[in-house]
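Good morning, everyone, and thank you for making room for me on the agenda. I would like to walk slowly through one protein model, and I will put it on the screen before I say anything about it.

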Amino acid sequence: MTKTGILATFLTGALLLGGSAAAWGQATPITIKFSHVVAADAPKGKAALQFKKLVEERSNGRVKVEVYPNSQLYKDKEELEALQLGAVQMLAPTISKFGPLGVKEFEVLDLPYLFKDMAEAKTITQGPVGRDLLAKLEPKGIVGLAFWDNSFKQMTANTPMRTPGDFKGLKLRIQSSKVLDAQMRQIGALPQVMAFSEVYQALQTGVVDGQENPITNIYTQKFHEVQKHMTLTNHGYHAYVVIVNKKFWGDLPADVQAMLTSAMADSSAYFTDLAAKDDEEALAGIRQSGKTAIHTPTAEELAALRTALLPVHDKMKDRYGDAILTAINRALGR
Ligand code: LMR
């Protein structure tokens, strides 16, 4: 959908509402359109529905949340434009999708093997570095409410991936991040940026050979049905940033803002509880399907891949800025 299309939809909606500010005088409920690109039964999909449930319960219907999963309303790039225009009020894109908005610092979180485990990642996203990153969205008309720490990414393709050399020449789909582009080129793969909603078909038709994602996305999008191999590389961090349109948020009555903030905190805790569990269940589901050979790398294979990818940290310093990597290393006591 073009920017004009997004604008047209938004203007029609606003006309119907008769200007949301006035409607908050209480005749009409405050409506939050929450759009996202994953399946309704993926961790983000479930947490968005949990947020809806909590908000509608706690506001006695004064606030309505409409959740649109699976890119029903907008695809990746469009959804950020739609949020800035106010055509939707809430999104939860991944950390890898803010580069096109000009907020390149988030891409530091895309560095391969940046974190050794989820605990390290949460120290950063749930701490001062995470708060600083969220604040960088404000000049773009966006308020960052929370990080949803999801999981680590795995590689899938139709050929085995055991050594760095096995990635050479593979066309691999990536999200719109320059750091991910550099990561794939570092191992000789050919990165292709593509909207999430287009990945299944691109894998099925061979437009791309493979992709990287957490296991829950691979399973709920059925990528395993069109990918013969998956290697459990845990090479990249995957998290969401829950964001709202700044004007919408600022215009909300204080009590509504407070209720939404606490509902978001409870939905984030709910997300954290289910993300790891869902990852395990998805892995069992893929194993059971028998459609994809799952390779757990040896310590030597992991070390070789890590050594091959670490130069990206230095190569991409100018992209995300040295200061933030220094802050991350300091916060992790490195
Ligand atoms: C992607 O690869 O685009 C996904 O990770 C998207 C998402 O929101 O999980």
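Let me begin with Gln-211, which is buried, since its relative accessible area is 0% and the limit for calling a residue buried is under 20%. Please keep in mind, here and throughout, that what you see is a predicted model. Gln-211 belongs to strand S7, which covers residues 210-213. What does the side chain of Gln-211 make a polar contact with? Its partner is the side chain of Asn-213, at 3.0 Å. If we set aside the neighbours within four places in sequence, Gln-211 is also in contact with a list of residues that includes Gln-154, Met-155, Thr-156, Leu-172, Arg-173 and Leu-203.

Asn-213, the partner in that polar contact, sits in strand S7 as well. Is Asn-213 buried or exposed? With a relative accessibility of 2%, Asn-213 counts as buried, because the cut-off is under 20%. Beyond four places in sequence, Asn-213 touches Lys-153, Gln-154, Arg-173, Phe-196, Ile-218, Phe-223 and His-238.

Leu-203, which I named among the contacts of Gln-211, is placed in helix H8, residues 199-205. Leu-203 has a relative accessibility of 2% and therefore counts as buried. Apart from neighbours within four places in sequence, the residues in contact with Leu-203 are Val-208, Asp-209, Gly-210, Gln-211, Phe-223, Val-226 and Gln-227. From Leu-203 to Ala-239 there are 36 residues along the sequence, and the distance in space between their C-alpha atoms is 23 Å.

You can set that pair beside another one, which starts at Lys-178 in helix H7, residues 178-186. Lys-178 and Tyr-320 are separated by 142 residues in sequence, while their C-alpha atoms are 9.6 Å apart in space. Lys-178 is in contact with Glu-107, Met-316 and Arg-319, once its neighbours within four places in sequence are left out.

Now to the ligand. Which residues surround the ligand? Asn-213, which we have already met, is one of them, and the others include Val-37, Val-38, Thr-94, Gln-175, Phe-196, His-238 and Tyr-240. Three further side chains deserve a slower look, and I will take them one at a time. In the side chain of Lys-44, an N or O atom is 2.8 Å from an oxygen atom of the ligand. For Lys-97, a polar side-chain atom lies 2.7 Å from an oxygen atom of the ligand. For Arg-173, an N or O atom of the side chain is 2.5 Å from an oxygen atom of the ligand. On its own the ligand has 270 Å² of accessible area, and the protein covers 100% of that area.

Let me turn to the nonpolar residues. In soluble globular proteins, nonpolar side chains tend to be buried together. In this model the largest nonpolar core has 48 residues, and the members that touch the most other members are Phe-34, Phe-51, Val-55, Val-63, Met-90, Trp-148 and Leu-260. Helix H11, residues 254-289, gives the most to this core, namely ten residues. Another core, of 39 residues, lies apart from it, and among its members are Phe-115, Leu-133, Phe-147 and Leu-325. To return to Met-90, its contacts beyond four places in sequence include Ile-32, Phe-34, Phe-51, Leu-83, Leu-145, Val-244 and Met-264.

Two loop residues are worth a moment for their backbone angles. Most residues other than glycine have a negative phi. Asn-60, however, is not a glycine and has a positive phi of about 50°; this residue is found in the loop between helix H3 (43-58) and strand S2 (63-68). At 72% relative accessibility, Asn-60 counts as exposed, because the limit for that word is over 50%. Lys-222, also not a glycine, has a positive phi of about 60°, and lies in the loop between helix H9 (215-220) and strand S8 (229-245). Lys-222, at 43% relative accessibility, counts as partly exposed.

I will finish with confidence. The protein chain has an average pLDDT of 94, and 92% of the residues score at least 70. Over residues 15-21, though, pLDDT stays under 50, and for that stretch the model has three contacts beyond four places in sequence.

Key
Residues are numbered from 1 along each chain as its sequence is written. This is a predicted model: local features need pLDDT of at least 70, side-chain atom pairs count only at pLDDT 80 or more; totals for chains, interfaces and linings use all residues. Side-chain values use heavy atoms; hydrogens and water are left out. A nonpolar core is a set of buried Ala, Val, Leu, Ile, Met, Phe, Trp, Tyr and Cys residues joined through side-chain atoms within 4.5 Å. Buried means under 20% relative accessible area, exposed over 50%, partly exposed in between (1.4 Å probe, protein chains only). Helices (H or I, at least four residues) and strands (E, at least two) are DSSP runs, numbered from the N terminus. Contact means heavy atoms within 4.5 Å. pLDDT is the predictor's confidence in each residue, from 0 to 100. A residue is near a molecule or strand if one of its heavy atoms lies within 4 Å of it. A polar contact is a pair of N or O atoms within 3.5 Å; within protein, one must be able to donate a hydrogen and the other to accept it, and residues adjacent in sequence count only if both atoms are side-chain atoms. Accessible areas come from the Shrake-Rupley method with a 1.4 Å probe; for residues, only the protein chains shown count as cover.
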